Amino acid sequence: MAGLHVGYMDTDMVRAVDAAKSDPVDIARIAIDGIAAGAYEILADNAARQAQAALAGGVSVLYPQLP
């Protein structure tokens, strides 16, 4: 069992989103490689890595505007 974390993938669902998007073929390859390696958590792109790093820092890192 593995969790795959990914930001935006270039699919119809996010066609209107103006942000960097990963190629679904690349994400599938990364997912398969991660599963084959026995990873429980697969961070497929920079957006996923940045989100994990921010979560590790706590709420104040995610929302610096909070008192």
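Modeller: A salt bridge is a side-chain nitrogen of Lys or Arg within 4 Å of a carboxyl oxygen of Asp or Glu. The model discussed here is predicted, so local features need pLDDT of at least 70 and side-chain atom pairs count only at pLDDT 80 or more, while totals for chains, interfaces and linings use all residues. Residues are numbered from 1 along each chain as its sequence is written, and side-chain values use heavy atoms, with hydrogens and water left out.

Colleague: How many salt bridges does a search of the whole structure find?

Modeller: One of them joins the side chains of Asp 12 and Arg 15, at 3.3 Å from N to O. Asp 12 and Arg 15 are each exposed, where exposed means over 50% relative accessible area, buried under 20%, and partly exposed in between (1.4 Å probe, protein chains only). The search of the whole structure gives a total of two.

Colleague: Which residue meets Arg 29 in a salt bridge?

Modeller: Arg 29 is partly exposed, at 46% relative accessibility. The partner lies three residues away in helix H1 (residues 24-36), which means a separation of about one helical turn. The partner is also partly exposed, with a relative accessible area of 37%. At 3.2 Å from N to O, the residue that meets Arg 29 is Asp 26.

Colleague: In what order do the elements of the protein run from the N terminus on?

Modeller: The protein has three helices and two strands. These are DSSP runs, numbered from the N terminus: helices are H or I with at least four residues, and strands are E with at least two. From the N terminus on, the order is β-α-β-α-α.

Colleague: What is the radius of gyration of the protein?

Modeller: This radius is taken over C-alpha atoms, and the globule rule is 2.2 Å times the number of residues to the power 0.38. For 67 residues the rule gives 11 Å; the protein is well over that, so it is more spread out than a compact globule, with a radius of gyration of 14 Å.

Colleague: Is Ala 31 buried or exposed?

Modeller: Ala 31 is found in helix H1. Leaving aside neighbours within four places in sequence, Ala 31 is in contact (heavy atoms within 4.5 Å) with Leu 4 and Ile 42. Because its relative accessible area is 12%, Ala 31 counts as buried.

Colleague: What percentage of the 67 residues in the protein is buried?

Modeller: Ala 31 is one residue that counts as buried. Over the 67 residues of the protein, the buried share is 15%.
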